[in-house]
Amino acid sequence: MNRTLSLSLLLTTVLLGSACARASEEAASSPASATATASPVAVTAGATIDPELPLAIVHKTASCGCCGVWADHLKAAGFAVEIRDTDDMHPVKQRLGVPAGKASCHTAEIGGYVVEGHIPASDIKRLLKERPTARGLVLPGMPAGSPGMEMPDGHVQPYTVELVLADGSTQPFAQHGPGG
């Protein structure tokens, strides 16, 4: 691996880590986030729940701030959100059928589908409208610029949200970022 690529990967890792840590600090100081784990359904101030949208049950570890920021993204899009903190995400991912190698930091159950990772609310709404025969959506990793992983400079790393078919295979569902 060349030196420039190595430095670029290191810088990306540091930036993503600091974004998650920053989100965690903001979540800890935010009254709305402080109630998110205390009440079964928490709504961000000013957000309106759309009664046409199903409840989003978000499974995450208590210490992950970017997961809370993603949950706030859902709330702002009209979803009622229930946060379920857990110490071990593996059984949740296994129960819901998240394919190997497609995991992220949080897993949600929305309208009978699994929603894995920092998926934009617009993609989830499209899934719910189209109702394909599928397990749900996955966005592996934590792409810079995806909901909950916003970068201070507005940079969005190209990423692909994938549809998980009934057999566990995946296919592209939506493209985001430059060229997406």
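Select helix 5, residues 121-130. This helix lies across strand 3, strand 4, strand 5 (134-138), strand 6 (159-165) and strand 7, and runs at about 130° to strand 7. Axes are lines fitted to C-alpha atoms, for helices over the stretch in contact (heavy atoms within 4.5 Å); angles run from 0 to 180 degrees between N-to-C directions. Helices (H or I, at least four residues) and strands (E, at least two) are DSSP runs, numbered from the N terminus.

The model is predicted: local features need pLDDT of at least 70, side-chain atom pairs count only at pLDDT 80 or more, and totals for chains, interfaces and linings use all residues. Residues are numbered from 1 along each chain as its sequence is written, and side-chain values use heavy atoms, with hydrogens and water left out.

Next, helix 3, residues 65-76. It lies across strand 1, strand 2, strand 3 and strand 4 (113-116), at about 175° to strand 1.

Now show the sheet. Its 7 strands are ordered 2-1-3-4-5-6-7, open, with mixed pairing (two strands pair if DSSP finds at least two bridges between them). Strand 2 (81-85) and strand 7 (170-176) are at the edges with a single partner strand each, so one side of each has no neighbour in the sheet. Neighbouring strands are turned by 20° against each other on average, direction ignored.

Zoom to strand 1 (56-60) and strand 3 (107-110): they pair antiparallel over 4 bridges. Pick His59; its bridge partner in strand 3 is Thr107.

Finish at Lys93 in helix 4 (90-96). Is Lys93 buried or exposed? Lys93 is buried (under 20% relative accessible area, exposed being over 50%, partly exposed in between; 1.4 Å probe, protein chains only), because its relative accessibility is 11%. Beyond four places in sequence, its contacts include Thr107 and Glu116.
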